[in-house]
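Student: I am new to this structure and would like to be led through it step by step. Could we look at it together?

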Amino acid sequence: MRLPIDTSRLQFLAVSGAEPLKKFEDGKPREAWAPRMDGNGDVLWGLKVVALGDGDAEIVKVSVPGDPGVRQGEMVRVEGLTAQPWENEGRSGVAFRATAIRSATARAEKAAA
């Protein structure tokens, strides 16, 4: 089950450039793995962001369909953020997915124009 996250009280800072995600293929070298796709056939990209809020910060990797086109050190808006708990072969964690990640600077510049 995907759990929605209210991002209205959070700020996000990109701490890496976005990279296309790969689908693990046993027996193949990593560079030969196929891209990971979402249900619509869009390539998934991963972006590490710092989530800032309520005096705390956490680095999380967020998957998003398509290249978000943001750079390291840029403030971003994360839209439609969800968390999905997972478990596989005794390991567990939480996967974060967004519907879009956009530059917060571009929005501010557009509003000022």
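Tutor: Let us begin with R102, bearing in mind that the model is predicted. R102 has a relative accessibility of 41% and therefore counts as partly exposed.

Student: Which side chain does R102 meet in a salt bridge?

Tutor: The contact runs from N to O over 3.1 Å. It links distant parts of the chain, since R102 lies in strand β9 and its partner in strand β6, 23 residues apart. The side chain that R102 meets is that of E79.

Student: Is E79 buried, exposed or partly exposed?

Tutor: A residue is called buried under 20% relative accessible area and exposed over 50%, with partly exposed in between. E79 has a relative accessibility of 23%, so the class that applies to E79 is partly exposed.

Student: Which residues are linked with E79 in a network of salt bridges?

Tutor: Besides the salt bridge between R102 and E79, the side chains of R77 and E79 also meet in one, at 2.9 Å from N to O. R77 is partly exposed, with a relative accessible area of 23%. The residues linked with E79 in this network are R77 and R102.

Student: Which side chains of strand β6 are buried?

Tutor: In a regular strand the side chains alternate between the two faces of the sheet. Strand β6, which covers residues 75-79, follows such an alternation, with M75, R77 and E79 pointing to one face and not being buried. The side chains that point to the other face, and are buried, are those of V76 and V78.

Student: What is the bridge partner of V78 in β9?

Tutor: Strand β9 comprises residues 100-103, and it pairs with β6 in the antiparallel sense over four bridges. Within β9, the bridge partner of V78 is I101.

Student: And what is the bridge partner of L13 in β6?

Tutor: Strand β2, made up of residues 11-14, pairs with β6 in the antiparallel sense, and this pairing runs over two bridges. In β6, the bridge partner of L13 is M75.

Student: How far apart are the closest N and O atoms of K28 and E25?

Tutor: A search of the whole structure finds four salt bridges, and K28 forms one of them with E25. K28 is partly exposed at a relative accessible area of 43%, whereas E25, at 19%, is buried. The closest N and O atoms of K28 and E25 are apart by 2.9 Å.

Key
Residues are numbered from 1 along each chain as its sequence is written. This is a predicted model: local features need pLDDT of at least 70, side-chain atom pairs count only at pLDDT 80 or more; totals for chains, interfaces and linings use all residues. Side-chain values use heavy atoms; hydrogens and water are left out. Buried means under 20% relative accessible area, exposed over 50%, partly exposed in between (1.4 Å probe, protein chains only). Two strands pair if DSSP finds at least two bridges between them.
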